[in-house]
Structure formats: C-alpha cells, structure tokens
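Please read the following alongside the sequence and the model, moving from one site to the next as the paragraphs do.

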Amino acid sequence: MTTPASAAQRPEYELPLEPLDDLPAERPLTLRERLWQQGWLRTALVLAVLALLWELAARWQDNDLLLPGFLQTAAAFVDSLASGELPDRAGRSLLVLLKGYLTGIVAAFVLTTLAVSTQLGRDLLSTLTAMFNPLPAIALLPLALLWFGLGEGSLIFVLVHSVLWALAVNTYAGFLGVSETLRMGGRNYGLTGLRYVLQILVPAALPSILAGLRIGWAFAWRTLIAAELVFGASSGQGGLGWYIFQNRNELYTDRVFAGLVAVIIIGLVVENLVFNSLERLTVRRWGMQRQG
C-alpha cells in the first residue's frame with residue numbers, strides 16, 4: 001500500500017500574470033444606468049404612468065361628474081392654489097395635526113417610560129393598548145363631539161388616539177429589544193430613570209421609534225381628513241377634509257379630486273422630506289438600518 005510519505009510529489013510551478021495597469025478598476029455606468037439609480041426619477045416615472053392611466057380611464061368613462069381627468073383635476077388644483085383656498089385649508093389641517101401629533105408623542109413617551117421603569121407601568125401599558133389599540137379613532141367621534149364640542153378640541157382628541165397606541169407599542173417593543181450589554185453599560189455608568197431611558201434605550205431603539213412615528217403620522221393624517229369630513233368646520237372654517245366634503249355637496253368633482261391630490265402630495269412630502277431624511281441622518285448613518 002502506498003503511504004503519503006512515499007507518494008510522488010507534484011512539482012511546484014509559478015505562472016507569471018500579465019499586469020492589468022491599462023484596464024479600469026471600475027466599469028463606467030451608462031447614462032441610462034446613472035439615471036435609473038436616481039430615486040426621484042423612478043418615483044416621477046411611476047407617477048407619470050399613473051397619471052396617464054387616470055387620463056385614459058377618464059376619457060373612456062366620458063363623464064366628468066363621476067371621474068374627471070387628470071388634466072381637468074390639475075386645472076382645478078392650480079385654480080384652488082391661485083385663489084388661496086387650498087393652501088388655507090391645508091394650513092388649518094396641518095396646524096391641528098401638529099397639535100394632536102405632538103400631544104400623542106408626549107403621551108406615548110410617558111407611558112413607555114413608565115412601562116420600562118415599573119411593573120405597574122408595564123401592566124398599565126399592556127392593558128390600555130389591548131383595549132384601545134384595536135378601537136378605530138373614527139368610532140370615538142360621537143364621544144369627541146359630546147365632550148369637546150364642534151371644532152378643534154374634538155379633532156385633537158381623535159388624533160391623539162390615532163398616534164398614541166401605535167407609537168407606544170412600537171417604542172416599547174424597541175425598548176425590549178435593547179441588548180443586555182447596553183443595559184449593563186448604562187447601569188455601570190450609574191444611569192437610572194429618565195436619564196437611562198434617554199441615553200441608553202432611546203438611541204438603541206430608534207429604528208422602532210421611527211417606525212412608530214411613521215405609522216402614527218399615517219394614522220393621524222387619514223383620521224384627520226375623515227374627521228373633518230364629519231365635523232371639521234367650526235364657525236365656517238375647516239380643513240382639507242371639509243374642503244373635499246363641501247365641493248362634493250356642490251358637485252365640483254374636479255375640486256374633490258384636487259383636494260385628494262393635495263392630501264396625497266402632503267403625505268409624500270412628509271414621508272420623503274421628514275421621515276426619510278431623519279432615518280438617513282440617524283439610523284442609516286449609524287449602521288442600525290441597511291440601505292433600501
């Protein structure tokens with residue numbers, strides 16, 4: 001039997017390689033590839049295709065009362081902007097939304113801080129979220145009318161309900177996901193109470209907190225528009241929802257669609273300029289979230 005020691009050894013050899021100095025290290029991208037890497041361009045392309053389909057469907061329907069075309073809606077949108085009515089309505093809605101949104105953020109932070117600090121706080125948060133998180137905010141409209149009357153107070157009440165539970169659940173889940181290494185590091189530095197939450201838990205759970213803020217914003221925005229459709233006018237003043245409802249009563253369908261377009265545009269602006277920028281400057285920059 002042949003042993004490894006007595007086996008024939010293959011001779012070693014070396015193959016010289018030609019230098020690659022004249023070849024580029026990277027392949028240059030074509031113009032089409034460079035353009036396709038621009039996110040704003042891809043988004044604009046999707047919107048252009050949707051607008052084209054909308055216009056074709058409206059022309060096939062051939063009934064402006066049921067479905068005005070994209071061009072007709074764009075004309076109504078520009079007219080409402082020029083008259084100042086649409087910016088005024090949008091400003092009123094955003095002001096109310098900001099008040100309710102910030103109030104909901106503060107309430108969610110208080111609840112989650114209590115939950116990570118005490119057993120009673122954990123029981124309180126779990127019980128309240130189990131009770132009220134499945135409850136649609138629009139179902140609280142009758143109570144809001146009884147308690148706060150017709151106007152801004154009722155709107156803020158339903159907005160707080162929309163933001164509070166979604167943000168509290170996501171924030172608390174993020175706090176629970178913080179590693180024990182970071183927790184022990186904070187305790188070794190003597191951090192307790194609010195300082196422990198702000199300096200250890202909040203930075204570590206920031207991806208979950210941002211997700212909760214994003215979900216809370218979406219819930220609050222659509223809840224506000226729906227609430228304004230019902231009782232959003234106070235002393236003849238209302239927001240975007242009331243603008244849509246008023247034009248629907250007057251059978252100005254193109255203005256109804258213009259109001260809906262304004263709702264969508266505001267949503268896109270907040271999503272891209274606020275939340276995406278905040279994620280890019282924090283969790284993506286810190287390596288806590290991968291690039292999409």
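In this predicted model, Val106 is an exposed residue, because its relative accessible area of 52% falls on the exposed side of the cut-off, which is set at over 50%. Val106 belongs to helix H4, the helix that covers residues 85–117. The C-alpha atom of Val106 is separated by 9.7 Å from that of Val160, a residue 54 residues apart from Val106 along the chain.

A contrasting case is Asn247, which has a relative accessibility of 3% and therefore counts as buried, the cut-off for that class being under 20%. Asn247 is placed in helix H11, made up of residues 240–249. When residues up to four places away in sequence are left out of the count, Asn247 touches Tyr252, Arg255 and Val256. Two of these partners also meet in another way, since Arg255 lies over the face of Tyr252, at 4.7 Å from the ring centre.

Next come the helices H2 and H3. The axes of H2 and helix H3, the latter spanning residues 70–83, come within 8 Å and cross at roughly 110°; that angle lies in the range from 65 to 115 degrees, and H2 and H3 are therefore roughly perpendicular to each other. On the H2 side the contact involves Ala51, Trp54, Glu55 and Arg59, which meet Phe70, Leu71 and Thr73 in H3. By character, the residues of this contact of H2 with H3 divide into 4 nonpolar, 1 polar and 2 charged.

Two of the residues in that contact, Trp54 and Phe70, reappear among the aromatic rings, where ring pairs link Trp54, Phe70 and Phe257 into a cluster. How many aromatic pairs does the model contain? The count comes to 7 aromatic pairs. One of them is formed by Trp54 and Phe257, whose rings are 5.7 Å apart centre to centre with 35° between the planes, a tilted arrangement. Trp54 lies in helix H2 (residues 39–61) and Phe257 in helix H12 (residues 253–281), so this pair ties together parts that are 203 residues apart in sequence.

Another tilted aromatic pair is that of Phe148 and Phe157, at 5.3 Å centre to centre and with 40° between the planes. Phe148 has a relative accessibility of 46% and so counts as partly exposed, and Phe157, at 24% relative accessibility, likewise counts as partly exposed.

Terms used. Residues are numbered from 1 along each chain as its sequence is written. This is a predicted model: local features need pLDDT of at least 70, side-chain atom pairs count only at pLDDT 80 or more; totals for chains, interfaces and linings use all residues. Side-chain values use heavy atoms; hydrogens and water are left out. Rings of Phe, Tyr and Trp (its six-membered ring) pair if their centres lie within 6.5 Å; planes under 30 degrees apart count as stacked, over 60 as edge-to-face and the rest as tilted. Helices (H or I, at least four residues) and strands (E, at least two) are DSSP runs, numbered from the N terminus. Buried means under 20% relative accessible area, exposed over 50%, partly exposed in between (1.4 Å probe, protein chains only). A charge sits over a ring if NZ of Lys or CZ of Arg is within 6 Å of the ring centre and within 35 degrees of the ring normal. Axes are lines fitted to C-alpha atoms, for helices over the stretch in contact, and angles run from 0 to 180 degrees between N-to-C directions. Angles under 35 degrees count as roughly parallel, over 145 as roughly antiparallel, 65 to 115 as roughly perpendicular and the rest as oblique. Contact means heavy atoms within 4.5 Å. Ala, Val, Leu, Ile, Met, Phe, Trp, Tyr, Cys and Pro count as nonpolar, Asp, Glu, Lys and Arg as charged, and the others, Gly among them, as polar.
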